[in-house]
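Colleague: I am new to this structure and would love a close look at its sheet. Could you walk me through how the strands are arranged and what packs on them?

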Amino acid sequence: MCSDRSRTAMRPKPKKSLGQNFLQDHNIRRKIVEACDFSSSDTVIEIGPGQGAMTGLIAARVKRLIAVELDDILAASLEERYKDDPVVTIVHGDILSCDIEALAGRNFHGKLFVFGNIPYYITSPIIEHLFRFRSIITAVYLTVQKEFGKRIAASAGSDDYGSFSCFVQYFSKPKIEFIVKRTCFYPEPKVDSCFLSLAIRSKPPVDVADEELFFKIIRASFQKRRKQMRNSVKDVVPGEKMARALAACGINPKIRSEELDLSQFAAIVNAIVYEK
C-alpha cells in the first residue's frame, strides 16, 4: 500500500527536511476536530500524525483511523503507543505512494475522510494524489499555509485565483474554516496557516465535453495570465479558433484568464469541441 522506510536512531528535534511543524495549541486542536464532520461510523486517514497530537482526538470520534507517518522515529513511537488500540492503525510510509483505496479496504463502504497538517512544500502534490481517489473520499481536511488556502478558495477576478484554484474547485468545494496563527506551532513557521475543508463533489459543477482540453486551456491561460485568451493559449488552440469560440459564448475577445470562472472555461471548451 505504501513504501516503507527504515528506522533510524531517535532525533529530538523536528526534521526540517520533512517540513515538520507540530501543532502545540490545545484549543486549536479541539477547534479543528469540532470543525470536522466526523461520526462514530466513519473512517479517517490521517496524513503525517507526527507526535500524535490529533490522532487521539480523532480516534475518540470515529470507527477507524489509519495514520500514515513518513518519519521513522515518529512512526515507531506511534506504533508502540497504539499497538493495542482497535481503532488506530499506524502505517509507516509516504502518503504519495499510498493506494488510498487499499488503505481503506477494497470492499470499503461508508464515509472516508482524509485529515492532515501537511508540509507546505508538498501540499499541491498531496491534493492531486488524493483527488485520484475522490470516488471513495467524502471530504479532505487540511491545515495548510494561509496564502495557499486563499489561492484554492479564490474566485475569478481576484489576484489569488489561478489554475490550481480551478482544478480544486472542479473536483471539490473548498472552504477556509479559520486561520491558525504561526505561534500555534513548534517550530514556529514564518507564515500563518489556515484550516481548509475540501468537500468532494459527486460530480463537477460544469459539463465539459473534453476534460483534458479543459485543463490544458486553463493551465496555458494562467501561465500567461496577463495576455488575452486568444493569445495566451495559442499553443493549445489556434488564435482564430479561440476567437470563434469566445464569440460563440458571447465572451469579450479581450478577456483574460483571471476573469473567467469554471462555467466560462467549460463553455469555451464545449464551443471548440462542437464547432461546426
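Modeller: Happy to; here is a tour of the sheet, strand by strand, followed by the helices beside it. Please keep in mind that this is a predicted model.

Let us begin with the overall layout. The sheet is open and has 7 strands, in the order β4-β3-β2-β5-β6-β9-β7, and its pairing is mixed. At the edges sit β4 and β7 (172-180), each of which pairs on one side only. On average, neighbouring strands of this sheet are turned by 20 degrees against each other, direction ignored.

A good place to step inside is strand β3, residues 64-69. Of its 6 residues, 5 are buried, so β3 is largely enclosed by the rest of the structure. To one partner, strand β2 (residues 43-47), β3 is joined by 5 bridges, and the two run parallel. You can find this pairing in the model by looking for threonine 43, whose bridge partner in β3 is arginine 64. Another partner of β3 is strand β4 (residues 88-92), again parallel and again with 5 bridges. Here, alanine 67 stands opposite isoleucine 90 in β4.

From β2 we can also move on to strand β5 (residues 112-117): these two pair in the parallel sense over 5 bridges. To spot them together, look for isoleucine 47, which stands opposite glycine 116 in β5.

Now for the helices. Helix α3 (residues 72-81) packs on the sheet, where α3 touches β3 and β4. The direction of α3 makes about 155 degrees with that of β4. Together, β3, α3 and β4 make a right-handed β-α-β unit.

Helix α6 lies across β6 (139-145), β7 and β9 (193-200), and runs at about 135 degrees to β6. Helix α6 (residues 146-153) also packs with helix α7 (residues 163-171), at an angle of about 65 degrees and with the axes 7 Å apart. Angles of 65 to 115 degrees count as roughly perpendicular, which means that α6 is roughly perpendicular to α7. On the α6 side of this contact are Phe148, Arg151, Ile152 and Ala153, and these meet Phe164, Ser165, Val168 and Gln169 in α7. Sorted by class, the contact has 5 nonpolar, 2 polar and 1 charged residues.

Key: Residues are numbered from 1 along each chain as its sequence is written. This is a predicted model: local features need pLDDT of at least 70, side-chain atom pairs count only at pLDDT 80 or more; totals for chains, interfaces and linings use all residues. Side-chain values use heavy atoms; hydrogens and water are left out. Axes are lines fitted to C-alpha atoms, for helices over the stretch in contact, and angles run from 0 to 180 degrees between N-to-C directions. Helices (H or I, at least four residues) and strands (E, at least two) are DSSP runs, numbered from the N terminus. Angles under 35 degrees count as roughly parallel, over 145 as roughly antiparallel, 65 to 115 as roughly perpendicular and the rest as oblique. Contact means heavy atoms within 4.5 Å. Ala, Val, Leu, Ile, Met, Phe, Trp, Tyr, Cys and Pro count as nonpolar, Asp, Glu, Lys and Arg as charged, and the others, Gly among them, as polar. Buried means under 20% relative accessible area, exposed over 50%, partly exposed in between (1.4 Å probe, protein chains only). Two strands pair if DSSP finds at least two bridges between them. A crossover is right-handed if, with the strands pointing away from the viewer, the path from the first strand over the helix to the second runs clockwise.
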